[in-house]
Amino acid sequence: MKTRRFHVYAGQEDLQDILKEFQEKFDVYYVPAYSDEGPVSFRDATSLEGLGTNVSGSHLGNRQVLAFMDTTVCLWREYRWADYEKSGTRHTSLCEGNTERIDIDLNGVYQGKAIFPTQIAAMHYENETAKRLYDGLKRIVRGSTGPHWEVQKIPYEEVRQLLALENGCQLYLLFLPLAVIRPEETDSARREIGAQMGKYFPESLCRSVSGCIVAGSAPEGRFHA
């Protein structure tokens, strides 16, 4: 089984534009990866409540969806979660035989600020239909002009807010390459980046690297280390 996946950084409006174009070019329908309401399907993923909303980088219910071509029949099966055996709660999911699909984990903006990646995956890339959907959606993403596709598009202050989350230091350092640092923020940002890096690396390395990061994240021609 061949698997392909890619990640994109996108807010709600970006995801809506991408999914709208995807739905216009491909005759698709969606199902949630898991459902407590039995078999559920829908045509328009842009209308999902909370689209592009994330809690500490985790999925929110049916934001994890599967996309099928209209010619593909979605086969469901019912199973019982071990943790819910006593209550008798049953959940419905797709069986492993559904190979003509792509998996979309719709993440995006956390509380309107921090950006988390949306993942698109073809779990059965050797399947012609899955490959077609995956490649088509990837081309749409690459052609997007949304504000969160490029490096230096997220204000440094928004990335800085990640420090308040659990494992925030790791997330802060991970998303630094996406940040743009204003000239008036350079001194404080250099100190802050050095302090956060100091939790993992020697002080001498942190001083030089933090200066390079700030120089690279400042608007071109506005700051020099």
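Here are three short exercises, each with a worked solution, on a predicted model.

**Exercise 1: the space inside**

Work out how many cavities of 30 Å³ or more the whole structure holds, then describe what lines the largest cavity.

*Solution.* Start with the count: a search of the whole structure turns up two cavities of 30 Å³ or more. Next, take the volume of the largest cavity, which comes to about 70 Å³.

Now go around its wall. The residues lining the largest cavity are Val8, Leu15, Ile18, Leu19, Ile104, Leu106, Thr118, Ile120, Leu137 and Val141. Sort them by element, and three elements turn out to supply two or more residues each: α1 (12-25), β10 (117-122) and α2 (128-142). Of the elements, α1 gives the most, with three residues.

Finally, sort the lining by class: you get nine nonpolar residues, one polar and no charged ones.

**Exercise 2: α5 against α6**

Find out how helices α5 and α6 cross, and which residues make the contact.

*Solution.* Two packed helices are described by the angle between their axes and the distance between the axes. Here α5 spans residues 186-197 and α6 spans residues 203-217. Their axes come within 8 Å and cross at roughly 135 degrees.

What do you call that arrangement of α5 and α6? An angle over 145 degrees would count as roughly antiparallel, and 65 to 115 as roughly perpendicular. The α5 and α6 helices are therefore oblique to each other. As for handedness, the crossing of α5 and α6 is right-handed.

Next, pick out the contact residues. From α5 come Thr186, Ala189, Arg190, Ile193, Gly194 and Met197, and from α6 come Cys206, Val209, Ser210, Gly211, Ile213 and Val214. By class, the contact of α5 with α6 has seven nonpolar, four polar and one charged residues.

**Exercise 3: α4 against α5**

Do the same job for helices α4 and α5: angle and axis distance, handedness and contact residues.

*Solution.* Helix α4 covers residues 168-175. Its axis lies 10 Å from that of α5, and the two pack at an angle of about 125 degrees. That makes α4 and α5 oblique to each other.

Is the crossing of α4 and α5 left-handed or right-handed? The α4 and α5 crossing is left-handed.

To finish, list the contact. Cys169, Tyr172 and Leu173 of α4 meet Glu192, Ile193, Gln196 and Met197 of α5. Divided by class, the residues of the contact of α4 with α5 are five nonpolar, one polar and one charged.

How values were computed
Residues numbered from 1 in each chain as written. Predicted model: local features only at pLDDT ≥ 70, side-chain atom pairs only at ≥ 80, totals over all residues. Heavy atoms only, no water. 1 Å grid on protein atoms, 1.4 Å probe; cavity = no way out; pocket = protein on both sides within 12 Å on 5 of 7 lines; lining within 4 Å. Points joined across faces, edges and corners; volume = space filled by probe spheres on them. Helix = DSSP H or I, 4+ residues; strand = E, 2+ residues; numbered from the N terminus. Nonpolar A, V, L, I, M, F, W, Y, C, P; charged D, E, K, R; others polar. Axes fitted to C-alpha atoms, helices over the stretch in contact; angles between N-to-C directions. Parallel < 35°, antiparallel > 145°, perpendicular 65-115°, else oblique. Left-handed = near helix turned anticlockwise from the far one by under 90°. Contact = heavy atoms within 4.5 Å.
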